[in-house]
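Trainee: I should like to work through the sheet and the aromatic contacts of this model. May we begin?

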Amino acid sequence: MIAPDLRQLAYEGAPSNKMYGFDVEPRFFDLSFDFYNDRSSFQGKLLEADIFKSQSPLKDLEGQMDIIWCAKFMHLFNRDTQIAVAARLIKLLKPAPGTMFVGSQNGFPVDYEVPLSTGGQYSRVKGFWLGSKEGMEKLWKEVSDETGTKWEVDVRLLDLRTLGMHQDDGSEDKRRTGYNLQWTCTRVDGKHALMSKMKRAFGMDGRS
């Protein structure tokens, strides 16, 4: 991860000292500073962290984020693991309505699970799931149920061929990888929403 999205945000004027990124391979961080030549100007914090480990630098960020941007990551895993990854990342968000989990990954017109047989450092990867629009909506319903949170979910599937962004040579690999699944999940429950409901219930919201 050389964090191009964080650099784009910083270029557009977003304060980089409010940004965090993480990867299991910290050598990407130095590469990113060399590539963008911004070691003295980019103030974002890049952390070595493994999302599958309960004790990591991510623990200190729980409940602090307003927006999570998750690109080209969750599709590396099967469906069950994608649910677990989403549930873990949700913990980083503030427990308030309006926080957002935004993502982009490979998708497919119908849900498509591809089993893999790997070993060594990749032994945790059992396969990967390419979700459809409807499949991702169902996945987030399960994430919501598992985490006790509620989300407004907007999903779209783009055929990259129609945008001139994918060259299809007829191979199975090209057939599978010609779609981009994008989603925006906005939290609609949380601490502040609960307080508002309580105030309305007890007539403390200033309404007559």
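Mentor: Two strands are taken as paired if DSSP finds at least two bridges between them. Please keep in mind that the model is predicted.

Trainee: How many bridges join strand β4 to strand β8?

Mentor: Strand β4 covers residues 100–106 and strand β8 covers residues 179–187. The two run antiparallel, and pairing requires at least two bridges. The number joining β4 to β8 is seven.

Trainee: Which residue in β8 is the bridge partner of Val102?

Mentor: The partner is to be sought in β8, which is joined to β4 by bridges. For Val102, the bridge partner there is Thr184.

Trainee: Which strands stand at the edges of the sheet?

Mentor: The sheet is open, has mixed pairing and follows the order β3-β4-β8-β7. An edge strand here has a single partner strand, so one side of it is left without a neighbour in the sheet. From one strand to the next, the twist averages 10 degrees. The edge strands are β3 (67–71) and β7 (151–159).

Trainee: Which strands does helix α4 touch as it packs on the sheet?

Mentor: Helix α4 spans residues 133–147. Its direction makes about 155 degrees with that of β7. The strands touched by α4 are β4, β7 and β8.

Trainee: Turning to the aromatic rings, is the pair of Phe101 and Trp183 stacked or edge-to-face?

Mentor: The ring centres of Phe101 and Trp183 lie 6.4 Å apart, and their planes make 25 degrees. Both residues are buried, and the pair links strand β4 to strand β8 across 82 residues of the chain. Planes under 30 degrees apart meet the criterion, so the pair of Phe101 and Trp183 is stacked.

Trainee: Which residues form one aromatic cluster with Phe101 and Trp183?

Mentor: The model holds nine aromatic pairs, among them the pair of Phe101 and Trp183. The cluster that contains Phe101 and Trp183 also includes Trp140 and Trp151.

Trainee: What is the angle between the ring planes of Phe33 and Phe42?

Mentor: Phe33 is buried, with a relative accessible area of 14%, and Phe42 is buried at 7%. Their rings are 6.4 Å apart, centre to centre, and the pair is tilted. The angle between the planes is 55 degrees.

Trainee: Which residue has its charged end over the ring of Phe33?

Mentor: The charged end in question lies 5.2 Å from the centre of the Phe33 ring. That charged end also sits over the ring of Phe42, 4.3 Å from its centre. The residue is Arg7.

Conventions. Residues numbered from 1 in each chain as written. Predicted model: local features only at pLDDT ≥ 70, side-chain atom pairs only at ≥ 80, totals over all residues. Heavy atoms only, no water. Helix = DSSP H or I, 4+ residues; strand = E, 2+ residues; numbered from the N terminus. Axes fitted to C-alpha atoms, helices over the stretch in contact; angles between N-to-C directions. Contact = heavy atoms within 4.5 Å. Phe/Tyr/Trp six-rings, centres within 6.5 Å; stacked < 30°, edge-to-face > 60°. Buried < 20%, exposed > 50% of the residue type's maximum accessible area, 1.4 Å probe, protein only. Lys NZ or Arg CZ within 6 Å of the ring centre and 35° of its normal.
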